[in-house]
Amino acid sequence: MVSACLLGEACRYDGRSQRSERVLAALEGKAVIPMCPEAAAGLGIPRPPVDLAGGTGVDVWAGRARALTRETREDRTPEFQDGARQALEAAQRFDATVALLKEKSPSCGSQRVYESGVLRPGEGITTALLRADGRTVVSDEDL
């Protein structure tokens, strides 16, 4: 499973892609399941940027943190959780054991995420759910 933005799909919050030649080269010849949990949840492209508030993706699932739009502080937690569940269902359906995801994303970050506007150690909402199900999540920055 791979973040669709890394494959060149313009699905990021700002309507752009994060096409990565490093990622494309590493995936050459491999079966790939592209996914964008935020787009899958119907958040739209482009969409307001979202930060985690009160913790990381693990904390969101435990009810201690939320996913809030950066400017208006609108709660998008249910949509982010829905997108994460869709990603997990796809991983289970296609027996994907590894996910290569975009770092710093409130959904896909695996080492660092924005919490209340500050880049902090932690993982996103989708990453937390995939890891809780025993899947390996790798950052695009580790390639």
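In this predicted model, L130 touches A87, L88, A91, A99, L101, R135 and V137, leaving out residues up to four places away in sequence. That residue is a handy way into the inside of the fold, since L130 is one of the residues with the most contacts inside the largest nonpolar core, alongside M1, L101 and I125. This core holds 24 residues. At least two residues each come from β3 (50-53), α4 (77-93), β5 (98-101) and α5 (125-132). The largest share belongs to α4, with 6 residues. There is also a second core, separate from this one, with 9 residues, among them A4, C5, V23 and L100. As a bit of background, nonpolar side chains in soluble globular proteins tend to be buried together.

Next comes the helix that carries I125 and L130. How many of the 8 residues of α5 are buried? The count is 6, so α5 is mostly covered, taking under 20% relative accessible area as the cut-off for buried. The buried ones are I125, T126, T127, A128, L129 and L130. T126, which sits in helix α5, makes a good example: its relative accessible area is 0%, and because the cut-off is under 20%, T126 counts as buried. Its surroundings can be listed too. Setting aside neighbours within four places in sequence, T126 is in contact with M35, P37, G83, A84, A87 and S107. Just past the end of the helix, G134 takes a positive phi of about 90°.

How do α4 and α5 sit against each other? Two packed helices are described by the angle between their axes and the distance between the axes. Here the axes of α4 and α5 come within 9 Å and cross at roughly 40°. An angle under 35 degrees would count as roughly parallel, and 65 to 115 as roughly perpendicular; α4 and α5 are therefore oblique to each other. The crossing of α4 past α5 is right-handed. On the α4 side, the residues that meet α5 are F80, Q81, G83, A84, R85, A87, L88 and A91, and their partners in α5 are I125, T126, L129 and L130. Sorted by class, this contact has 8 nonpolar, 3 polar and 1 charged residues. A general point helps when reading such lists: an α-helix has 3.6 residues a turn, so residues three or four places apart point the same way.

Finally, the backbone has a few spots worth a look. Most residues other than glycine have a negative phi, and most peptide bonds are trans. Which bond is cis here? The one joining I45 and P46, with omega at about -5°. P46 is found in the loop between α2 (37-40) and β3. Two residues that are not glycine have a positive phi: R73, at about 65°, and S116, at about 50°. R73 is in the loop between β4 (66-69) and α4, while S116 belongs to the loop between β6 (112-115) and β7 (118-121). Are these two residues buried, exposed or in between? R73 has 41% relative accessibility, so R73 counts as partly exposed. S116 is also at 41% relative accessibility, so S116 counts as partly exposed.

Terms used
Residues are numbered from 1 along each chain as its sequence is written. This is a predicted model: local features need pLDDT of at least 70, side-chain atom pairs count only at pLDDT 80 or more; totals for chains, interfaces and linings use all residues. Side-chain values use heavy atoms; hydrogens and water are left out. A nonpolar core is a set of buried Ala, Val, Leu, Ile, Met, Phe, Trp, Tyr and Cys residues joined through side-chain atoms within 4.5 Å. Buried means under 20% relative accessible area, exposed over 50%, partly exposed in between (1.4 Å probe, protein chains only). Helices (H or I, at least four residues) and strands (E, at least two) are DSSP runs, numbered from the N terminus. Contact means heavy atoms within 4.5 Å. Axes are lines fitted to C-alpha atoms, for helices over the stretch in contact, and angles run from 0 to 180 degrees between N-to-C directions. Angles under 35 degrees count as roughly parallel, over 145 as roughly antiparallel, 65 to 115 as roughly perpendicular and the rest as oblique. A crossing is left-handed if the near helix is turned anticlockwise from the far one by less than a right angle, and right-handed if clockwise. Ala, Val, Leu, Ile, Met, Phe, Trp, Tyr, Cys and Pro count as nonpolar, Asp, Glu, Lys and Arg as charged, and the others, Gly among them, as polar.
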